[in-house]
Every structure is written in structure tokens, then in C-alpha cells.
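Me: I'd like to learn how to read a chain contact and a few backbone angles. Could you walk me through them?

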Amino acid sequence: MTKNTIDLGRRRVTQGLGLLTAGLMLSGSGFVEMAFAAQPEYYPKDYASVIEASKAEHGVLVYSNMGEMNWAPLIQAFNAEYPWIKVQTLDLGSSEVFDRYYAETAAGTNQTDVVVSHSAASWLDFIQKKGGVNTDFVSAEADKLPAYSKPSPGIYTISVDPYFIVYNKALISPEEAPKSIQDIVDLVTKDPARFAHKVATGVPMANAAAQNLSNTYIQHVGVDKALQQYTALGDAVDVYRSAGQIMEKITTGEVLIGFMLSGIQVFPLLADPARAQILGYAFPTDGTVMLMRHIAMAKTVKNPNSAKLFIDFVLSAAGQTALSAGGLMSYRDDVVLPDGPTGYTYKKIETEAGASSLVPTTFDAKTMIPPQDLIDKVNAALHVQP
Amino acid sequence: MTDNTGHSASLIAAGATLPAGVSSSRAVRRLQAAAPLILRWAFALLLLALLISPMLPLIYQSFVNRPLYEAGKLLTLGNFTKLFADPSFQSACVNTFWFAVIGTIVSTAVGFVAALLLERLDLPGRKTLKIMFLAPIFVSALILALSWSMLYGPGGFADIWLRATLKFGLPNLNSLGGMAVLSGVSSAPVSYLLFASAMGNIPGTLEDAARAAGASPMRATLGIIVPLIRPSLLYCVLLNFVLNIDQLAVPLIIGGPARVQVLSTYLYDNGIAVKSDYGLVSAAAVVMLIMIQVFVVGQKYALGDLRRYTTVGGKSLRRGLVPMGRAGWTVSALIALYIVLTTLVPSLFLVLRSFSSFISPLVPITSVLTLDNFKLVFGYEAYIRSIINTLIVSIVGGLGATVLTFIGGVVAYRSPPAIKRLVEMSAFIPRAIPGIVVGIGIFYAAIIFPGGSYLSGTLAILMIAFTIRYYPTGFALLGPSMLQIDQDMERAVRVAGGAEARSIIAVLLPLLRPALVGCFLLYFVSFFKEYAAASFLFGPNTAVVGTTMLQLDMMGNLGPTAALSVVTLVLTLPIAIFVYARD
């Protein structure tokens, strides 16, 4: 697992090199490019016809588990290039995205063009059992993307969410500041009274995405070690359903440390300078899970050309740069952002925490849905009622 | 009860002279006489069809082994065996029972006492206190739970302050009891509305009579009000019990740290969030349906003959308020204290939170004040559209639902017992289904039933779903008030030659005005806050505030969530004040 990541990282660096130069060159063919920003050279020759065809379509409908404000900068940048394509996004739960798709397909009312979610188990169902993915679709950016971001034909990655530690700087001294999950365990074991109900995390087995997340960490550090840590944390930990609540409580000092908190929720808050005075954060060295948020064209696609342009743009360097302004994290190496909480990329975290610390989620059955026995043990260790 | 329609039929049959030229054949006359009855049956059956429409796909789903939309389904009892074998389901059932019992006691007791004090006594600041007491219905339970958690949770602001000044903290909010109390407090205004409309109809003359006969004020109240209020009390207990079983917001926010799983979160997790096992959800919904129907039947037996509760007769006067003098100030102060602690402080906290980037005792509040949260809410077309959509759904849908409830009430309480039973039973069916399941059910219903495809993705389907979801609440509010109006006055209209419609418009409508206003208000605010039933039905152009708020909260920033609920408060509170200031 760890070794795999390093290899991938290296490959991504070389892959990214050609892109900047390619992006600067113009591919002159026909009048379409005259009016709009030119496509990179490596795009297929018939791309102009795709653009032309999209004009006769009716925009793009996206089912996603991302919010309006996450989408806004990305869609704005997309519309600067393709102003005639109206992008509509519907924000749903990570598995609701698919449930709705199935039910609407059954009703024959499905209008979905693009699907976005970070629930790997639901994706597998979507691919294998329901054949919901348009596997014929190959993005023009495909060759420029790291292999780990393309787990299955037709499936790409829109962004990667790091899951990390946030603590209250005013109440946790710099010497105590946790750098890993084990550091938190050590703090709690040393002074149980001080940390009782003062550590918080999301419900570890709440849903398919959370199970995937927890299990990826558990398999990374080893089941026995992970269970030991959960047991040691035991009463100190309170579990919450929303990271928003945890962040509020860390800010007030009601909670001292939170762990396994999602970047998409935490980075925008850390960008507030006043809050940054109180909040410290660290990418745990014993396992920073990188949750992959995937994107695919749906089989039911009604506007295939517009959907193609949209997904290609999302995956492009320009699109990946734009989405970071919406709180999502880019994984392309050729995306360069100013330093700061909203300026993180996969590569920057890799540099900061060390490549061996990062654990991207995969479609591997072993890390996906944990066996019931493991779910029960984790819940028992944290005293969570299943 | 039984003779109304028969009565009118006999009136016509007994030789009311028909205008010349109208066929006087026996068959036509019989048909004319039967028309009101046929209309009633038609309405009752249509109402039943509407209210069970989300249940039919669910019942079917609970007995098949695959999702409804898949081919190759087989009939099975597997969903039920799986459900009952699940230890989490068993413990969730036990927790839900205690949660609902405590929540119901708190809500009913607080609502009853408040209604008794504010509706019967002449207290200083009565109207203001009343509006303030009702305020929690305008705040989403989601946001109220968040405020409570931040203020009264272990380590919350109030807890820290108490520990610093008085050396003791608050009882742990993060517990089953804490959750239940919060749930009870947040639904107390609904109980209040139920009791208020019923109490308003009890004439003061009855109490005066008791006082004249030598009873103390306390004895007069307990002896007159409590027995007469029994239908409302039982409705209230039933309604609160079900409301608490259905309560999702509080267990979502507090259930996590309290480590308590209840049925609603069990359904949420196992049915929607974790694996979308519709078979299991449907089976659980069917079990809940049966439980609640048992409860309804029990309530019917407890009520017995409903005519005993008729108090607004032709001769009774409008009630007067009991003068209180000095003691009134003490009572008002106590009510005010309750309101300050449960509603005002959490609401102010919410408002403050909406105007700041965060709140922490570690940072002076002046350094974090900002308008960013509101800029964010008003900066996106989608958020503005969701506010407009919500207003349309609440006003148009609320009016439609009120009309439907009124007709339902007329059909139930001015009809033969068979129709009454049918309407009453149907009215409570939706209460047995969690909101999110109503959403899925309507969604399927729109697929299965002809013409449904025109509805999906429109605001109309949201209005239908919300109406179905809140019909029991509205009916429970209107029903007892209708029971208290003596039919003799309507009969007087009929005897004087007025048509049945005329008797309803001239007598029933004016007498029911406060109850109807309360009913519309309840629908309005319920529709405004609803998120669970909408989550499966809203489309790209039909998002509502409830779903937007849930999304914002799940995304993790409380600021915009607070800002949006402040917008909700600003939009709904004037309507409430307007409605209640006239009362």
C-alpha cells in the first residue's frame, strides 16, 4: 500500500511536466478556437466538433455530494470558457446520489449527465451491479492524470480530501501538539481526567464513506494497533455526525483535539485569520487518509458533448486550480497554489507529512467495507451504540 | 352525531316543495337526498388514497427482496426477520420508547401549563409572552439543537459559566434524558397550540359556576378545564408520542456524543446513509405504522362519547380572562424566565453566530463580527431561489392543506360514524412514517401511479408530500375544536331553510376561525422547516430552505446555517405576530 503510493507519486511528477508547455501552445484548426480559449495540443483533433455539438444541447445536470459554494468557482471558470453550457448541480448525500439515480432510472425520468461522490462502495455497486457508468467515455485529460485517480474505466477523480488532526492552540501547548493519532493516544493515556470527552471525531462507521475512510486507516496501521488506539481513546472521545459541530467546539475550547476531520470542511475555516490564531492542525504521520472524490459520466447522459467538456475541464489544470478556491483539494502536480490552508495540493501534503504518511482510498475490497466483526469492535472500543 | 345527514335527507324527503319544472320522480329525489352522503364518501376515500399513497409502495417494498425499481423481485418475509434479529433495532426501540415517553411528558406538561396560564389568566404582557413562547416553532429543530448543544452541553457556555460562579455544572445534555427534554421543549409550542384552541372554546361561565358553588380557583380549573380538555390532551399525547418517535434533528445532533441510537437515526443510518436498504426501512416503517394504529385505537376507546365535550353551544358567551392582580407579575416572570432560558438565549446565540465568523470565549467577540455569512447566503442564486421556493410552498401549500383539513374535519364530524372512523384513521396514517420515508414513498408513488411523472421535480410534489406529512398535526389541531362546536347552531340554519354549505359558512367557519388560523400557521412553519421529506423530492430548481440548511450544516460551517435560519426567523416571525396579535 505505502510502496504503491510512492511509486505513483513519482510517476505523477513526470506526467505533469509536459502539461504546462502544452497548455501554452495553440492548436489552430477552424474558427471555433478563435472565439474561445484554445484547447491543449494533446486534446483529440475533433474536439472542435464536440464544442460545436454542445451548443445544441441543454446544459449539464450534475448529481453530487458537494455544496453550492464548493462548485461556484469551478463552474464560473468553466462558464468563462463555455458560456452557453448551463451547469446545474444537485447536492445530495454520498450514497443518495446513486439511490436517486436508480429510482429515477426506473421511473424513466432520469436526466443525470454527471455523477460525483466519495462513497467508494456505492461506486462499485454503480459500476458492477447497475452498469451506471458510461465506460466509453475517455477524458481528453486521461493521460495527464495519476493512475491512482483512475480506479476503473470511465471513472476519474475530481478532488482528494485529506483527513487530519485539528486542535485548540490556546489550550494545547506547542510541545504537546499531536503529530499523529498515536500522539493523541499518548496524551489521553497520560492524563485521562484532562481529556475526558475532550477529543472528538466523526462517527467512524456511520456510512459507507466513513467506513471506507476508517477501514483504510485501520488496514494501514494494522487492525490490532488501530483497535488498541481506539480502546485507549475510549471514553475520551465523543463522536459527532458533522465536522461543523466539532470545529465549533474546538474553537470554543469545549473540545481540545479533533481527528479524522475532512479538508473540504476544515480548510475554509482555517483560512479565517482570527480562527487560525486558535486552531492548529497536523497531517498525522501514522496515516493521513486521502479520500478520493470520483466523477463519472452517467450512462443515462442526455447531453454527452456538454458533459464531456465539463468533465475534461474539471480534470484540467485550469479546472483543478479553480476548484481549490471552492475548498476542494487538487491532486494534479502541475497545479501551483499560494501557501495557506486553501492552497494545499496532494503534492504539498506529501512534502509536509512525508509520502509514507499518505493513504489514498482505493476500490480494493479489503479497505472498502469492513467486516461486521471489525465494525462491532471499533464501535465497542469507542462505546458507540451501533 | 349520526343524524345530521339522515336529518337533512328527511327534511328534503318530508316534502320540501321542489321548484316547478324539476322532475319529481322518486329516483331523482332519492339521488338528490343521497348526494351529500356520496360526496362525503368520495372525499373520505380520496383522502385515504392520498394519505396512504406513500405507504402502498413501502408496504409492497417491505415484502419483497429487492428495491422496487429492480426486476426479478420475490415475495419474502426476510426484511422483517432481519429487522427483528438486529440487536441495534432492539436497543433503538427501547431507547425510542423512553425518549418518546419523557419527551411527551415534558412537551404536554409545559404546553398545558403555558396554555392554561396564557389563555385563561389576565397576565401582564400576555400577548408578548405568548408569541415568545411559540417562537421555537419558527426555528428549525436542527438549529435549536445546535444552539442548545453549544450553550447547555457539557463544557458549553452556560456550563462553564455556572461552574465558574456557582461551582456546579448542568446535568449532562448529552444523554437520553437530555435529548428527550430538548425534544419535549422544542415541541411544547405544538402542544400549546393544541390546548390553546381547545381552551379558547371553553366558556368562562362554567368556571364561574364552579366558583359560585364555592370551589377554589385551582379546584375550578382542575374540575372544569382538565376534564373538558381531555380530547385535546389525548390528541396531544398521541401527537407528541409520534412526533418524538419521528424526531430526527435532536438525535442527529446530540445522539452522537450521547451515544444513543433511536429509531429515526437507525432508519437514517441503515436505510439512507449506510446502505440504502429499502427493504429494511420499509419493514421498520410498517412496524411503526402498526404500533401507531394500535395507539390510535387505544385513544379512541379512552375518549368514548365525544358529545360530552361540546361546550360552544348557542347560549355560551365568549370567554373572559381571569383577573390576576399582583400575582400575575410573578406568573409572568416565571414564564418569561422559562422563555429566556429555552428560547431567547439560544435564539440570540444563533443571531450572534450568524453575524460572526465564530464564537469562542478565547477570542473577544468584537474581533470576529462579520457579514460574510449573509453575503454567502445571498451571494448564490441557488440559495435565494430556495428561499423563494420555500415561501411559495409554505403559503400556497399551507393554504391548500388548511382547506383540505377543514373539509376533512367537516366530513369527519358532521357525518355518519363509518365515515368519521375512516377519516380519523386515515388522518393519522402519515404520522407513522418518518419524514424521509414519506419522501421516498411519494417518489415511488409518483412513479407507480399514472400522471405522477408530471409532478416529479415540481414544487407541487413537495406541497403534496408536506401536506401528507403534516396532515395528522393539522387534523389534531382542528379536530377537537370542531368537536366542541354544538351542531344545534348549524341545524338552526338548516331549519331556517339554509343549505348545508350555508350552515358551514355561516356558523362553522367563523367559530373555527382561531383554530383555522392556528392550523394554517402550523402548516406554514412546518412546511418552512421541513427537510426530511424534501430530501428525496427536490430537483435542481426546487430546493427548499430545509434541504439547503441541512447541506450547509453537513458541509461543516455553522455560520451560513445560522444566517439562513435567521433569514427564516425574519420571514416567519412577522406572520406569526400578525396572526396572534389579532387574536
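**Reading the contact and the backbone**

Reply: Happily! The contact draws 48 residues from chain A and 47 residues from chain B. Keep in mind that this is a predicted model.

Me: Which elements give two or more residues to the side of chain A that touches chain B?

Reply: On chain A they are the helices α4 (68-81), α5 (96-107), α11 (243-252), α12 (263-270) and α13 (273-276), together with the strands β2 (87-91) and β6 (237-240). The top contributor to this side is α5(A), with seven residues.

Me: And how does that side of chain A divide by class?

Reply: The side touching chain B has 22 nonpolar, 15 polar and 11 charged residues.

Me: Now the backbone. What sign does phi usually have?

Reply: In general, most residues other than glycine have a negative phi. Here, A:His197 has a positive phi, near 60°, and is not a glycine. A:Met260 is another non-glycine residue with a positive phi, about 55°.

Me: Where is A:His197 found?

Reply: A:His197 lies in the loop between α8 (192-195) and β5 (199-202) of chain A.

Me: Is A:His197 buried or exposed?

Reply: Partly exposed, because A:His197 has 18 C-beta neighbours inside 10 Å, and a residue counts as buried if 20 or more other C-beta atoms lie within that distance.

Me: What about the place of A:Met260?

Reply: A:Met260 sits in strand β7 (residues 257-262) of chain A. A:Met260 is buried, because 22 other C-beta atoms lie within 10 Å.

Definitions and conventions
Residues are numbered from 1 along each chain as its sequence is written. Chains are lettered from A and ligands numbered from 1 in the order in which they are written. This is a predicted model: local features need pLDDT of at least 70, side-chain atom pairs count only at pLDDT 80 or more; totals for chains, interfaces and linings use all residues. Two residues are in contact if their C-beta atoms, placed from the backbone, lie within 7 Å. Helices (H or I, at least four residues) and strands (E, at least two) are DSSP runs, numbered from the N terminus. Ala, Val, Leu, Ile, Met, Phe, Trp, Tyr, Cys and Pro count as nonpolar, Asp, Glu, Lys and Arg as charged, and the others, Gly among them, as polar. A residue is buried if 20 or more other C-beta atoms lie within 10 Å of its own, exposed if 12 or fewer, and partly exposed in between; C-beta atoms are placed from the backbone.
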